[in-house]
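Welcome, and please open your viewer with a cartoon view and side chains ready to switch on. We will go from stop to stop, selecting as we go.

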Amino acid sequence: MLLQSRFLSDPMLDHERGCFARATHLVDGELEVRNVFAQIPDLEDVTSHDALIIGGSGDFSVVERDQPFFDPLAELLRQVVDSGFPTFGCCFGFQLLVDAMGGTVVKDPARAEIGSFPVELTDEGREDPLFGQLPPTFVAQMGHFDRASVMPEGVPNLVSSERCFFQALRFPGLPIWATQFHPELDDEGNKARCIAYIKEFGEIQGYEALPSPQALTILPRFLKLVAES
């Protein structure tokens, strides 16, 4: 299941669905989609699927919490973590999980990352069953102004970048991962998304679009690990 948090008028609504379908190598009908603006699924609905993927957002901030879906969605994510259900959060999904489980997310435009950036595995990341198969440094696609400043208690950071230390997490012993970056996007997909949101981003200084082939292996490997378990 892909859980989206996007207005139905969002120009990237269908684009995001297509990117996740391609990145996961799922064919039509295999990636079921829910949108929090239609209905927030309950735990029974979520766990009737093989895994949960939490997508990004073009209009919302965990810091501002200006939509009615935030509190019930946070409660759902706590239930998901408590149940140990296979889950992967991307960008906004990463921030939602951090916030729901007691960490802290802050708005920090000075450390915004818009475009393609090198990231580096931490010691914990090198030992992780999902991230450990990646090279020590690889390129990832970014698009965020908010960032995690404090991780939930006991949750290690797996990946870092120069501007944003907390880039990926895993809840210990559980098949639950999340990334601040977008493993569903290639450089062209990220460029299209940034252009669509230019009203929020404004003029992007120094934007660089680079291929990110290693990052694109993360979601298929996540699903492989889920299937093997």
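Start by selecting alanine 168: its bridge partner in β11 is threonine 179. Widen the selection to β10 (residues 168-170) and β11 (residues 176-179), which pair in the antiparallel sense over 3 bridges. Two strands count as paired if DSSP finds at least two bridges between them, and the element names are DSSP runs numbered from the N terminus, with helices (H or I) of at least four residues and strands (E) of at least two.

A word on the model: it is predicted, local features need pLDDT of at least 70, side-chain atom pairs count only at pLDDT 80 or more, and totals for chains, interfaces and linings use all residues. Residues are numbered from 1 along each chain as its sequence is written, and side-chain values use heavy atoms, leaving out hydrogens and water.

Now show the whole sheet. Its 9 strands run in the order β2-β1-β3-β4-β11-β10-β9-β6-β7, forming an open sheet with mixed pairing. At the edges are β2 (33-35) and β7 (137-144); each has a single partner strand, so one side of each lacks a neighbour in the sheet.

Next, add helix α1 (residues 13-24), which packs on the sheet and touches β1 (2-4), β2, β3 (52-54) and β4 (87-90). Contact here means heavy atoms within 4.5 Å. The direction of α1 makes about 155 degrees with that of β1; axes are lines fitted to C-alpha atoms, for helices over the stretch in contact, and angles run from 0 to 180 degrees between N-to-C directions.

For the interior, pick Leu52, Leu73, Phe94, Leu96 and Leu169, the residues with the most contacts inside the largest nonpolar core, which has 32 residues. Such a core is a set of buried Ala, Val, Leu, Ile, Met, Phe, Trp, Tyr and Cys residues joined through side-chain atoms within 4.5 Å, where buried means under 20% relative accessible area (1.4 Å probe, protein chains only). Two or more residues come from each of β3, α3 (70-83), α4 (92-100) and β11, and α3 gives the most, with 7 residues.

Stay with α4, where 8 of its 9 residues are buried. After α4 comes glycine 102, with a positive phi near 100 degrees.

Last stop: serine 116, in strand β6 (residues 113-121). Is serine 116 buried or exposed? At 5% relative accessibility, serine 116 counts as buried. Its side chain joins that of glutamine 141 through a polar contact of 2.8 Å (a pair of N or O atoms within 3.5 Å; within protein, one must be able to donate a hydrogen and the other to accept it, and residues adjacent in sequence count only if both atoms are side-chain atoms).

Notes: Buried < 20%, exposed > 50% of the residue type's maximum accessible area, 1.4 Å probe, protein only.
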